Amino acid sequence: MPHTHFTSRLTARAWLRVAIALFTVAVVVPAFGAETRNVLVIFSDNRLLPANLEADQALRDAIVGSEERPVELFAEFLDRSHFNGDAYEATLATYLREKYAKRLPNVIVTGGTYALAFITRKRAVTFPDVPVVFLGIAVDEWQAMQPQPPEILGVPMQFDYPTSVAAVLRLHPGTKHFVTVTGNSTAFDRESEREMRMATVQFGPGIEVEHIERLPTADVLLRLKSLGPHTVVYTPGYFSDGDGRYFSPRESAQLMAEAAAAPVYGPFSTFLGTGVVGGVMPSYSAMAQQGADIVNELLEGVPPASITLPSQTPAVMQIDWRQARRWGIKEEQLPPDTIVHFRQPTFWETYRNSALIALAVMLLQTGLILALLYERRLQRRTAAALEASEQRTLLAARTARISDWVWNVGGERANGDVARELPHTLLSQEPAAVDLARVLESAHPADRERLARAVAQAVADDGELNVEYRLMQGEQVSWFAARGRLDPENRQRLRGVATDITQRKVAELQAEQDRAALGHMTRVSLLGQLSASIAHQLNQPLAAILGNAEAAQKMLQRADVDLEELREICNDIVTEDNRAAQVIRRLGALYRRDERELRPVDINELIHETLELLHSDLVTRHVTVATDVAATLAPVEGERVQLQQVFMNLIVNAADALATVPEPDRALTVRTQMNGDTVQIDVVDAGLGIAGDALDRIFDMFWTSKTGGMGIGLAICCTIVSAHGGTLTAANNPAKGATFRVSLPVRAA
């Protein structure tokens, strides 16, 4: 077993090595197998020429290579200002062919006229059929070299000396003396001399033209130092002076700009920063970018004939802002497309963001200070108003005998002698905490259970405590209404206020007793009146019936009965009986519409009047009444007192239905609305509702669900409503409680 395990480990290691090797081959081999594309860049002059450096860097940044198609750039410099001739070119051609024999270029890039002319003459013996992309060829030079094979392509540069000279004169409108400076022996110097003379031919007689040519550099500098005002110097620089000393055009231009007593301009962007003011110049970076775009397409395999070429590299006015300010050139004199170099930004341009931030901070600080001052002022006003309000509140509380209290309802218990104090004292800064057990002990025995239940409910629901209870203080009993909530900082305590309502309760009890006595006296009086009326109305017909009945009895005792007379007696009995029945029916006329004086009744007004009559009773029962009456309600035709009796009975019944509901939930609503040509009155309570079997019998005479009820109230209401042509219905609400609905027809127009 150990040997087998060791063998398995060796096998796993071997497979892991194989997998790593395969992955390495899969990744590395394609990279090594990718063909490298070679680009050979040949410049006309030496490698330190600023134009060559700028173009070479731009080419290297813009020619795109990748892992699948790596690109390598090589650069060669012909140094034409020092070396030239057929033998030199033959030697150079052999050198390039042998040097790049194993790294044949895919594309050749030439920089300058001499490099393009060289590769054109030696292309057949060096790199035949290799496409050539030229840079830095003036438009007229390129036109003079035509025709060229399609494999040689590029974008010529616009060295427009007349345009450049004219632009310089626009910057110096008072120019009277125009000086050009060119060199000695090289082709560049001779071509520059010719261009300068052609560019100044256009000048009128008001400008004196001076050409400084082929002089030693020392003499050139002395002449430039002696220039007077209203003079402008223009030079393309030179490679060689009259003494045969070699320079780069940039070096010679810098020497002239430092020595000249007049502004110096030139055609090349590499002159900027040497003291030359500027000129209409093509950009070598833009030129190299255009050439790189062509090279990238050739490396992608696009045929030369299919490549779309720009017409030329544009030349625009470029200015050294430091020199422009030195020679008094204003910004509004510059052409709109001028490229400005070395502009010193203004304070606002340099520190704009910092200044804005500092300004914002200062404004913010100022705003905060003002806000704090305003808040301080408000706090002082608020404190003064609060102090005055507290004084008024304390005075009002003492006048109304309002006290505040804190009750411990959790495990925490009060310390010291607090338990011997009353559950609440007159309003003070901080009331002493009292245990709930002490509160219940001080309460009336009949109210203790209800008070404890209300406190438990408020604690459980995190709701408001609203309860009335009696407080025992020795032999004296006082009524208090307490309202409070849990202390948010101590959930084991209730905080609130209590109002002494003893006087109100005594007044309510007395009013209830007086109302009960008045009702009893009214019922007794009405009963007496009704009894007297019934006795008076029924006395005569009953006496007549009795007399006729006695006469009939006597007649029946005779031997010969006079049937005709007996028949008349019986008819008299029937007549008197009908007369008694009429008396009974007239007593029932209270419930018949056709025997009642009917008048227009405003139901909304009648509802409000009825609620006013019942207000004290409803308050005593702790019933909250809400009204939702229609804004416009058509009048009904009826007997006002009878309809009021109906509404009073329905509202009292609704209040009775709320007797078993907790006091905070005792609410009923009286609602009126139009329903077609009918006025609809709803009395809605939030009680327990009507049992299902009771809905069918609730309007029956002498049937009731109340203890001690007679069962005639709803029956009478139904009779009165029916006598007015309406209906009375009852239904349970979806949530809780019941709704009694009275529908009465509107009064005919």
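**Exercise 1. Describe how helix α18 and helix α19 are placed relative to each other.**

Solution. The axes of helix α18 (residues 640-657) and helix α19 (residues 713-723) come within 9 Å and cross at roughly 145°. Here an axis is a line fitted to C-alpha atoms, for helices over the stretch in contact, and angles run from 0 to 180 degrees between N-to-C directions. Helices (H or I, at least four residues) and strands (E, at least two) are DSSP runs, numbered from the N terminus.

This is a predicted model, in which local features need pLDDT of at least 70, side-chain atom pairs count only at pLDDT 80 or more, and totals for chains, interfaces and linings use all residues. Residues are numbered from 1 along each chain as its sequence is written, and side-chain values use heavy atoms, with hydrogens and water left out.

The next step is the handedness: α18 passes α19 in a left-handed crossing, meaning that the near helix is turned anticlockwise from the far one by less than a right angle (clockwise would be right-handed).

Last come the residues. On the α18 side, Gln-642, Val-646, Asn-649, Leu-650 and Asn-653 meet Gly-713, Leu-714, Cys-717, Ile-720 and Val-721 of α19; contact means heavy atoms within 4.5 Å. By class, this contact has 6 nonpolar, 4 polar and no charged residues. Ala, Val, Leu, Ile, Met, Phe, Trp, Tyr, Cys and Pro count as nonpolar, Asp, Glu, Lys and Arg as charged, and the others, Gly among them, as polar.

**Exercise 2. Decide whether Lys-225 is buried or exposed, and do the same for Ser-164.**

Solution. Begin with Lys-225, which is found in helix α8 (residues 217-225). Lys-225 counts as exposed because its relative accessibility is 52%; buried means under 20% relative accessible area, exposed over 50%, and partly exposed in between (1.4 Å probe, protein chains only). Leaving aside neighbours within four places in sequence, Lys-225 is in contact with Ala-259, Ala-260 and Ala-261. Between Lys-225 and Ala-261 there are 5.1 Å in space, C-alpha to C-alpha, although they are 36 residues apart in sequence.

Turn now to Ser-164, in helix α6. Ser-164 counts as buried because its relative accessibility is 1%. Not counting residues up to four places away in sequence, Ser-164 touches Tyr-234, Gly-279 and Val-280.

**Exercise 3. State which helix gives the largest share of the lining of the second largest pocket.**

Solution. The lining of the second largest pocket has 42 residues, and Arg-80, Thr-113, Gly-136, Glu-141 and Phe-188 lie nearest the centre. Helices that each supply at least two lining residues include α2 (50-62), α4 (113-122) and α7 (187-199). The largest share, 5 residues, comes from α7. Sorted by class, the lining divides into 21 nonpolar, 13 polar and 8 charged residues.

**Exercise 4. Identify where the backbone has a cis peptide bond and which residue between α8 and β8 has a positive phi.**

Solution. Most residues other than glycine have a negative phi, and most peptide bonds are trans. A cis peptide bond joins Gln-146 and Pro-147, with omega about -5°. Pro-147 is found in the loop between α5 and β5 (152-154).

His-230, which is not a glycine, has a positive phi of about 60°, and its place is in the loop between α8 and β8 (231-234). His-230 counts as partly exposed because its relative accessibility is 47%.

Terms used: On a 1 Å grid over the protein atoms alone, a cavity is a set of points where a 1.4 Å probe fits but cannot get out, and a pocket is an open set with protein on both sides within 12 Å along at least five of seven lines; lining residues have an atom within 4 Å of a point.
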